[in-house]
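The exercises below ask you to work from the coordinates toward statements about contacts, burial and ring geometry. Try each task on your own before reading its solution.

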Amino acid sequence: MRTKTLQNFSALLVFLLMTSVAYSQFELSGEIRPRTEYRHGFKKLFGEGQDPAFFTEQRSRLYADYKMDKLTFKLSIQDVRIWGADKQIYKPGESLNGMNVNQAWAQYTFDSGLGLRVGRQELDYDNARFLGDLSWAQQSRSHDALLLAYTKNTFTGHAGFAFNQNANTAEPTKLLNNHYGLGAANYKAMQYLWLNKKFSKGSVSALIFNDGKEAADSTVNYMQTLGLYGKFSLGKVQLETEAYVQTGKDVTKKDVSAYLLAFNAMYPVSKKVSFGVGMDYVSGTDVTKAATESNSFDPLYGTNHKFYGFMDYFYVGNPSALKGRNVGLVDPYVKLVLNPNPNNNIVAFVHSFRSPVDIYKGGDATTPSMSKALGTELDLVYTIKLSQGVSINLGYSQLFGTDSMAALKGGSKDQTNNWAWTMITFKPSFFKTEKPAPPVQ
């Protein structure tokens, strides 16, 4: 399968290279991104007698971007693997890793400014709070979707549609049934509308997202998310504000009533130092309502690693839940950015995590109540740009948890809970050609 994928990709590259001599734009580029991590309390508190994790995971990609007149085409093939997972003497069928398609889409733009895009694509909007490409994760996130995109002057509108089906039944015999079977892991169907207006000192966006999840009985339950996002310059201050509400039903058929509020402000103290403050408030479900409704906001398909602390204790594949109810999160934080020179950058965060609802030691009101304070996290990231297309990132995070965090996540607050990592990224451009568009006949 991997050999066939490479053969097809090579044939396509030959075609694109041949057509690039015409009136077109074509770029062939690549990416090698290994990241080594030491995990000693990452995502959950470390427990007594446990051993930390230490490994290197690598993302390798080959990108082909092509544009000619009204046609735009993008193809990205990737391989994600942990070093050593494959035998040194490789034989097909023994691999735990695999090559797959990260993006493969084509777009045609009409004279009116309306574009039609179809295929596997990344959806990344505003600050990636709700829809993000998840680039931090080596595998990233892609959607199989149809997109209508319209742009005129300072206004942009996108409408997206998707309908998913599993591949357990081969296409020749797929004659009946539309059962998806992935439950809460992915949507069965989705539709969204994103509108953006730019101004001289910022921009405002609105999002309507309809997310359909398939329950065990094959019925599809739809949850709606409505959001507003704004980014503004107020003198020297850069301000971001956003608000989301969710309604409808979740995959367990519970009624949903949830919300998220967030803001942050950055101020340049000098040319080399910036300071910021912010807070995220993500609603959670109280124990008294957990049986009949959900008040837990779900950020769904956002780049959650970017928010809520880099140690991924919240909303990154591990909800903070007691007996099935997500308690939500209150996260005030401060941010410091140092730019000693154009090739070096240091970012520091301090998060103070709290629960917006009551926490009980055993998960219900019959057990002792606990503090809403969950802990404090320190995040440090140092970025070095070596040359064009090559950069190094060094990171260190430490969490100081509480008994309440231990009740949510397990492990021990008395253990050292930290995470260290280093990542080097190579992104060379192998071939690039740009030619003017042909004259209008």
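**Exercise 1.** Determine which residues Y108 is in contact with, once its neighbours within four places in sequence are left aside.

*Solution.* In this predicted model, begin by placing Y108, which is found in strand β4 (residues 98-109). Leaving aside the neighbours within four places in sequence, the search returns K70, L114, G115 and L116. Next consider accessibility: the relative accessible area of Y108 is 38%, and because this falls between the 20% and 50% limits, the residue is partly exposed. Finally, take a C-alpha to C-alpha distance, which for Y108 and M68 comes to 9.9 Å, although the two are 40 residues apart in sequence.

**Exercise 2.** Classify the aromatic pair formed by W136 and W419, and then the pair formed by Y192 and F209, as stacked or edge-to-face.

*Solution.* The structure holds 20 aromatic pairs, including the one between W136 and W419, whose ring centres are 6.0 Å apart and whose planes meet at 85°, which makes the pair edge-to-face. Locating the two residues shows that this pair links distant parts of the chain, since W136 lies in the loop between β5 (114-121) and β6 (143-152) and W419 in strand β23 (residues 417-426), 283 residues apart. Both W136 and W419 are buried.

For Y192 and F209, the centres are 6.1 Å apart and the planes are at 20°; because an angle under 30 degrees counts as stacked, this pair is stacked. Y192 belongs to strand β8 (residues 189-199) and F209 to strand β9 (residues 202-214), so the pair ties together parts that are 17 residues apart in sequence. Y192 and F209 are likewise buried, and they belong to one aromatic cluster that also includes Y125, F130, Y187, W194, Y244, F297 and Y301.

**Exercise 3.** Find which ring lies beneath R117, and which ring has the charged end of R129 over it.

*Solution.* For R117, the ring is that of W105, with a distance of 3.8 Å from the ring centre. For R129, the charged end sits over the ring of F307, 3.9 Å from its centre.

**Exercise 4.** Identify the residues with the most contacts inside the largest nonpolar core, and the strand that gives the most to this core.

*Solution.* Nonpolar side chains tend to be buried together in soluble globular proteins. Here the largest nonpolar core has 52 residues, and those with the most contacts inside it are Y192 and F314. Strand β12 (residues 255-268) gives the most to this core, with five residues. Turning to F314, and not counting residues up to four places away in sequence, one finds that F314 touches Y308, S320, L329, F353, L374 and M405. Another core, of six residues, lies apart from the largest one and has F26, Y66, L75 and I77 among its members.

**Exercise 5.** Decide whether L134 and N153, each with a positive phi of about 55° although not a glycine, are buried or exposed.

*Solution.* L134 is found in the loop between β5 and β6, and its relative accessibility is 16%; because buried means under 20%, L134 counts as buried. N153, by contrast, is found in the loop between β6 and β7 (155-163), and its relative accessible area is 72%; because exposed means over 50%, N153 is exposed.

Conventions:
Residues are numbered from 1 along each chain as its sequence is written. This is a predicted model: local features need pLDDT of at least 70, side-chain atom pairs count only at pLDDT 80 or more; totals for chains, interfaces and linings use all residues. Side-chain values use heavy atoms; hydrogens and water are left out. Rings of Phe, Tyr and Trp (its six-membered ring) pair if their centres lie within 6.5 Å; planes under 30 degrees apart count as stacked, over 60 as edge-to-face and the rest as tilted. Helices (H or I, at least four residues) and strands (E, at least two) are DSSP runs, numbered from the N terminus. Buried means under 20% relative accessible area, exposed over 50%, partly exposed in between (1.4 Å probe, protein chains only). A charge sits over a ring if NZ of Lys or CZ of Arg is within 6 Å of the ring centre and within 35 degrees of the ring normal. Contact means heavy atoms within 4.5 Å. A nonpolar core is a set of buried Ala, Val, Leu, Ile, Met, Phe, Trp, Tyr and Cys residues joined through side-chain atoms within 4.5 Å.
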